[in-house]
Amino acid sequence: MRKKRCKKRLRKSLLTKCFISAGLAALLLGSCGKSEGQERTASKADVPAASRTEQEKKDSVQMVEAIHTPYGKYPETVTYTLGKISGANHANLPVGATYEDNAYTQYLKKMLNIQNKDVFELEDGSTYEQAVEMAIEDNDIPDVLVIKGRDTLKRLADRGMIEDLSQVYEECTTDRIKEMYESYGDGLLGSATFDGKLYAFPDTVIDHGTMLLWMRADWIEELGLPEPETMEDAMEIARRFVEEDMAGDNSTVGLACSTELISGSSSTYGADPIFTEFGAVPGKWTLDDTGNVVYGSVMEETKAALGYMHELYTEKILDPRFLLRSTENLDQMVAEGKCGALFGYWWAPNNPLSTTSKGNRAAVWKPYLLSGQKKAVLESYNDWQYVVVRKGYEHPEVVGKYVSVLFDYTRYEDLNAHDINDYFSMNVDPTARPMNINVDYWDGLYRTTANIKQVMDGEMRVQELNGMERAYYETSKSYMNGTLTTVNAWAAYASRIQAVSLLSESGRGTLPLPMGDADGEIPHHLKRLETETFLQIICGEKPLNYFDEFVQKWYEEGGAELTATVHTVPCP
């Protein structure tokens with residue numbers, strides 16, 4: 001019978017002394033709350049002490065320490081099978097590196113003696129999710145698996161397919177990792193908790209701030225125009241780009257835009273800041289002025305924003321062919337230097353703007369913050385990623401140890417973890433890591449840039465920066481003084497110094513309000529109705545007042561019933 005979960009946080013030094021002085025008695029009792037497989041791992045201690053060599057005794061103590069501490073190293077390599085999310089362009093890994101052999105996996109092998117063996121490597125999206133779904137239905141998931149959505153997590157927990165990681169979290173994550181998770185309030189860890197048990201390590205989506213408007217500053221200068229201070233200023237500049245055909249051959253696009261309109265937190269080319277300008281949050285659940293739950297896409301503020309976008313489209317400031325553009329086509333347009341403006345997050349210099357610098361070195365992109373903070377939104381965590389461990393896997397603690405080493409030790413303690421930290425400045429995508437989640441403070445983006453700027457201003461010593469911060473600092477400084485002129489160096493400077501500094505000046509966002517067990521997912525037919533209506537209004541196929549008809553239809557076809565189920569309550 002499994003023993004009751006231990007709640008006391010054990011420290012490395014105390015554990016070592018405890019197990020040595022107790023004559024390895026803890027091994028005889030088995031691991032506290034571990035699976036049957038873990039108890040088998042410790043069964044070597046059942047061999048009479050007289051029959052064991054000194055090395056075996058040492059390995060037994062080391063194994064216990066590894067199982068119960070964040071940084072304890074296994075005496076023998078622990079290999080875990082993994083369902084791996086891969087990245088576009090092989091995650092921009094250096095030539096010769098693989099998802100099983102790169103700076104991350106090598107460091108983890110050196111520090112913890114763990115190694116991933118990937119069962120499948122697929123890009124995020126329908127292909128990866130289909131592979132996960134097949135593994136779940138076959139009741140044959142890898143030892144460690146990255147999944148998307150709280151619903152999938154709950155299904156795995158209800159089926160008894162995954163390990164309870166409560167003790168792993170308590171024992172095998174550092175205090176700093178716990179602080180990071182706690183910075184998100186109760187909602188994030190609560191989303192992975194059922195019946196008081198933690199079943200997964202959630203991804204932490206740091207506050208990216210609002211989207212910025214990235215504009216061709218070289219075109220602004222060439223036209224002798226003042227830099228924009230408002231959204232109206234920026235759109236007027238985009239108009240001039242088109243009128244003067246800055247790209248040549250009548251190919252200039254003023255403002256690029258995706259038909260998705262709303263980018264969320266992980267993509268570019270949306271029109272989010274235009275909606276924000278009007279106080280709208282389409283695609284999200286929010287609270288109205290009276291505190292009632294409402295779907296942002298049916299609010300009057302959204303109607304006003306659509307009317308403004310129709311004007312931009314009519315005046316050819318908004319790309320007249322945006323309905324025909326795929327993401328690949330948009331990327332190509334940017335790379336060829338035909339686009340004058342686009343909305344993107346602080347990291348847009350890494351992708352796609354760096355491609356323009358490669359193809360057209362005269363291109364100079366600069367960020368502008370023109371819209372305020374968004375309204376607080378409700379979060380169901382259905383789009384968030386979680387790392388789970390197969391029920392019965394003998395080393396579920398590898399997840400906690402992995403998180404502690406990569407997101408605490410390499411950043412804050414090991415000043416020599418150059419290979420890993422250099423990946424940030426080399427534009428290697430985070431999907432290069434074995435488990436794709438990132439763990440950081442909710443306001444980690446601002447902390448990093450604030451520290452870098454303090455060093456640049458002489459208010460802080462370089463030695464006080466953590467590993468990742470130092471990598472960005474050195475790259476940005478080298479770019480600023482002209483000793484490093486690569487595209488990646490520009491991207492590091494433009495994103496971390498230019499863009500994040502603007503966000504810091506505007507104030508930070510607000511934490512999402514957890515929805516608890518409420519799903520809030522918009523049914524496909526209502527989502528299709530919304531998308532079609534928005535695009536029809538923008539392109540003039542429907543008048544602006546058609547929005548009112550859309551709202552009525554949305555409520556009648558299931559929206560009213562759905563709204564009644566959404567509440568702002570803590571996750572259980």
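In this predicted model, the side chain of Asp207 makes a polar contact with the side chain of Tyr446, at 3.0 Å. Asp207 sits in the loop that links strand 6 to strand 7 (212-216). Although it belongs to a loop, Asp207 counts as buried, because its relative accessibility is 12% and the cut-off for buried is under 20%.

Strand 6, which leads into that loop, is also part of a sheet. Five strands make up this open sheet, and their order across it is 2-1-3-14-6. The pairing is mixed. At the two edges lie strand 2 (114-123) and strand 6 (201-202), each of which pairs on one side only.

It helps to walk through the sheet pair by pair. Strand 1 and strand 3 run parallel and are joined by two bridges. Here Leu82 has Val144, in strand 3, as its bridge partner. Strand 3 and strand 14 run antiparallel, with five bridges between them. One pair of bridge partners is Lys148 and Gln385, the latter in strand 14. Next comes strand 6, which pairs with strand 14 (residues 385-389) in the antiparallel sense, over two bridges. Over there, Pro202 stands opposite Tyr386 of strand 14.

How well covered is strand 3? The answer is mostly: four of its five residues are buried. On the helical side of the story, helix 6 (residues 126-137) lies across strand 1 (78-86), strand 2 and strand 3 (144-148). Its direction makes an angle of about 120° with strand 2.

Gln385 deserves a closer look. This residue of strand 14 has a relative accessibility of 12%, so it counts as buried. Which residues is Gln385 in contact with, leaving aside its neighbours within four places in sequence? The list includes Val146, Ile147 and Lys148, along with Phe201 and Pro202. Ile85, Asp124, Asp203, Asn436 and Ile437 are on it too. The fold also brings together parts of the chain that are well separated in sequence: Gln385 and Arg150 are 235 residues apart along the chain, yet their C-alpha atoms are separated by 8.3 Å.

Away from the sheet, helix 20 (residues 467-480) offers a neat length check. The helix has 14 residues, and at 1.5 Å a residue it should span 20 Å; the end C-alpha atoms are 20 Å apart, so the two values agree. At the start of helix 20, a side-chain oxygen of Asn466 comes to within 3.1 Å of the backbone nitrogen of Met468. Met468 is also one of the buried residues of this helix, among them Gly467, Glu469, Arg470, Ala471, Tyr472 and Tyr473. Thr475 and Ser476 are buried as well. Just after the helix, Gly482 takes a positive phi of about 85°.

Last come the cysteines. A disulfide is a covalent bond between the sulfur atoms of two cysteines. How many disulfides does the structure hold? The count is zero. Take Cys257, which is in no disulfide: its nearest cysteine sulfur belongs to Cys539 and is 9.6 Å away. A disulfide needs the two sulfur atoms within 2.5 Å, so that pair does not qualify. Are these cysteine side chains buried or exposed? Cys257 has a relative accessibility of 1%, so it counts as buried. Cys172 is buried too, with a relative accessible area of 0%.

Technical notes:
Residues are numbered from 1 along each chain as its sequence is written. This is a predicted model: local features need pLDDT of at least 70, side-chain atom pairs count only at pLDDT 80 or more; totals for chains, interfaces and linings use all residues. Side-chain values use heavy atoms; hydrogens and water are left out. Buried means under 20% relative accessible area, exposed over 50%, partly exposed in between (1.4 Å probe, protein chains only). Two strands pair if DSSP finds at least two bridges between them. Contact means heavy atoms within 4.5 Å. Axes are lines fitted to C-alpha atoms, for helices over the stretch in contact, and angles run from 0 to 180 degrees between N-to-C directions. The expected span of a helix is 1.5 Å times one less than its number of residues. A polar contact is a pair of N or O atoms within 3.5 Å; within protein, one must be able to donate a hydrogen and the other to accept it, and residues adjacent in sequence count only if both atoms are side-chain atoms.
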